[in-house]
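Visitor: I am new to this structure. Please take me through a close look at a single part, the salt bridges, and then show me what else is around them.

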Amino acid sequence: LLQQEEDDRAAVRQSIRELNVQNELLELGPEHEAYVRALQAERLDQDHQPLLAALRQRERQVEDVLNCLRQAEAARSDYDRACQALDQAADSVRETEIVFRDAQAQEQEERDNLLEEFTRHREQNTQLEIPQDIWLEIRSALTRYHAPADWSPIRNQIDECARRRESVLQVKRLQADSALSALQKEHTELEYQLRQIKSQPEPVPPRREPVQAARLQLMMRGIPCAPLYELIDFAPETSQESRDLLEAQLLDSGLLDALVVPEEHLPAVKDLLEEYPDRFLVPGPAVSDHITQLIPDAEGRFPKEAAACLRSISCSDLTADAAFLPDGRFRCGMLQGHSHAEAPAGYIGAAARAANRQRQIHALEEQLEGLSVKIQDAKEELADCQAKLVQLEQERTQMPTAEELDQALALLEQSRRALELAQAEKKRRLSMEQEAKQTWAALDQES
C-alpha cells in the first residue's frame with residue numbers, strides 16, 4: 001500500500017509538471033493555482049468544487065482557443081495558397097510579357113521585311129512603274145497597317161499603276177499591229193504588182209479596170225487594134241530629154257494609150273464601146289509642121305494608121321487640133337496643158353519598154369525588200385509589246401502581300417489578349433491574397 005501511495009504521488013507530480021508545461025500560454029486562474037499548490041503540498045482536504053467548476057470553464061475557453069487556432073491555421077494555409085497562386089499569376093504575366101515583346105519584335109520585323117520587299121520590287125520592275133507620290137502613299141499605308149486591316153487600298157493602288165501601264169502598252173500594241181497590217185497589205189499589193197509586171201512581156205501604162213476589160217474584149221472578139229505607144233518609136237536623132245518630154249505630153253494628153261484601129265474595123269469598136277469604156281484615135285488633117293521626132297515603128301502593126309496619126313500632130317502651132325511644142329506645152333482638141341518629164345521614157349520603143357520593165361521590177365523588189373525590213377521591225381515591236389504586257393502581269397501578281405504581316409499581327413493580338421487576361425488574373429489573385437492575409441491576421445490576433 002505504501003508503495004502504491006508513493007507511485008500515485010509520483011504520478012500526480014508528473015501530471016502537475018506536464019500541466020504546467022502545457023499551460024504556459026494559458027492563465028487558468030487563482031483557483032487552479034491554489035489547487036496545484038495544495039496537490040504539491042499534499043493537502044487533499046481542501047474543497048475543490050470551485051476548482052472543478054473553474055476547470056470546466058477553462059476547458060471551454062481552451063476549446064474556444066483551439067478553434068481559433070485551428071481557424072487561424074486554416075486561414076494561414078489559405079493565405080499560403082493565395083500567395084502561391086499570386087506567384088503563379090505573376091510568373092504567367094512575366095511569360096506572356098515575354099511572348100508579347102517577341103510578337104512585337106516579330107511584327108516589326110515582318111513590317112520592315114514587307115517594306116523592303118516593296119522597295120526591291122519597285123526598283124527591279126521593268127514595266128510596273130509606281131510613281132513617287134503613290135509610293136509615298138503605299139509606304140504610309142504600310143506604316144499604318146494594323147489588324148484588323150484592309151489590304152485592298154494598297155492593292156488598288158498597285159492595280160491602278162498596272163492599268164495605266166497596260167493602257168499605254170495596249171495602245172502601242174494596237175498601233176504596232178495596225179502598222180504591221182498596213183505594211184503586210186502594202187507588201188501583198190506590191191507582190192501582186194511585181195507578179196503582174198513579170199507576167200507581162202512589156203509594161204503597160206496605168207489603166208482603169210473597165211478599160212482593161214474593154215481591151216480584153218477586143219482581143220477575145222478578134223478586132224485588130226493596138227495602143228499608140230506600141231506602134232510608134234522615137235527618131236534616132238531625138239535626144240533623151242526630148243524623148244522624156246514627148247512621152248510625158250502623150251501621157252498627159254491621153255494619146256499614149258489610146259487605141260489605133262484600122263478604118264474598116266471602127267464600126268466593130270464603136271459597137272463594143274457601147275458596153276465598155278475606152279478611147280480610140282481618129283486622125284485629123286495632116287499639118288504642115290507635123291512632129292518628126294516620133295515615127296511609126298518599123299516592126300509595128302498598122303504603120304499607115306500610125307503615120308496618119310503622127311502627121312496630124314503639130315510641133316509648133318498650138319492652134320492646131322493636136323500639138324506638142326518643144327517647151328512642154330500641148331493641145332489635144334479643147335484640152336491644153338504643160339507637161340514636165342518626171343521619169344525616163346518607158347513606153348515608146350521596144351528598148352525603152354524593156355528598160356522600163358526592168359526598172360519597175362527593180363524598184364518593186366527594192367520596195368519589197370524595204371517593206372520586209374519594216375515588217376520584221378513591226379513584228380518585233382508587236383512581240384515586244386506583248387512580252388511587256390506579260391511581264392507587267394507577272395510583276396503585278398508577284399508584288400508582295402501582307403500575308404506574313406497579317407500572321408504576325410494576329411499573333412501579336414493573341415499575345416496582347418493573353419497578357420491582358422494574365423494581368424487581370426494577377427490582379428484578382430492579388431486581391432484574394434490581400435483578403436486572405438487580412439483574415440489570417442485577424443484570426444491570429446484573436447487567438
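Guide: Start with Asp-78 and Arg-81. Their side chains meet in a salt bridge, at 2.1 Å from N to O. This is a predicted model, so that distance is a computed one. Where do the two residues sit? Both are in helix H3, which covers residues 49-124. They are three residues apart, and therefore about one helical turn separates them. Now look at their cover. Asp-78 has a relative accessible area of 38%, so it counts as partly exposed. Arg-81 is partly exposed too, with a relative accessible area of 49%. Side chains of opposite charge can pair when their charged atoms come close.

Stay in helix H3 and move along to Glu-107 and Arg-111. Here the side chains form a salt bridge as well, at 2.3 Å from N to O. The spacing is four residues, about one turn of the helix. Are these two buried or exposed? Glu-107 is buried, and Arg-111 is buried as well.

Next, go to helix H5, home of Arg-163 and Glu-160. Their side chains meet in a salt bridge of 2.9 Å, again taken from N to O. The two residues are three apart in the helix, so about one helical turn lies between them. Arg-163 is partly exposed, with a relative accessible area of 45%. Glu-160 also counts as partly exposed, at 28% relative accessibility.

Not every bridge here is a simple pair. Arg-207, Arg-215, Asp-257 and Asp-278 are linked in a network of salt bridges. How many salt bridges are there in the whole structure? A full search finds 17.

Helix H5 leads on to another feature. It spans residues 152-199, and it supplies at least two residues of the lining of the largest pocket. Other elements that each supply at least two include helix H6 (209-220), helix H8 (240-253) and helix H11 (350-397). Strand E1 (226-227) and helix H7 (228-231) do so as well. The volume of this pocket is about 1500 Å³. Its lining counts 47 residues. Which of them lie nearest the centre? They are Gln-200, Pro-203, Val-204, Pro-205 and Pro-206. Sorted by class, the lining has 26 nonpolar residues, nine polar ones and 12 charged ones.

One loop residue deserves a stop. Phe-302 lies in the loop between strand E4 (294-296) and helix H10 (303-311). Its phi is near 50 degrees, a positive value in a residue other than glycine. Phe-302 has a relative accessible area of 14%, so it counts as buried.

Now step back to the whole protein. It has 12 helices and seven strands. There are 447 residues, and 34% of them count as buried. The accessible surface comes to about 28000 Å². Carbon and sulfur atoms account for 51% of that surface. Finally, consider contacts between residues at least 6 apart in sequence. Of these, 75% join residues at least 24 apart.

Technical notes. Residues numbered from 1 in each chain as written. Predicted model: local features only at pLDDT ≥ 70, side-chain atom pairs only at ≥ 80, totals over all residues. Heavy atoms only, no water. 1 Å grid on protein atoms, 1.4 Å probe; cavity = no way out; pocket = protein on both sides within 12 Å on 5 of 7 lines; lining within 4 Å. Points joined across faces, edges and corners; volume = space filled by probe spheres on them. Nonpolar A, V, L, I, M, F, W, Y, C, P; charged D, E, K, R; others polar. Salt bridge = Lys/Arg side-chain N within 4 Å of Asp/Glu carboxyl O. Buried < 20%, exposed > 50% of the residue type's maximum accessible area, 1.4 Å probe, protein only. Contact = heavy atoms within 4.5 Å. Areas by Shrake-Rupley, 256 points an atom, 1.4 Å probe, with all protein chains shown as cover.
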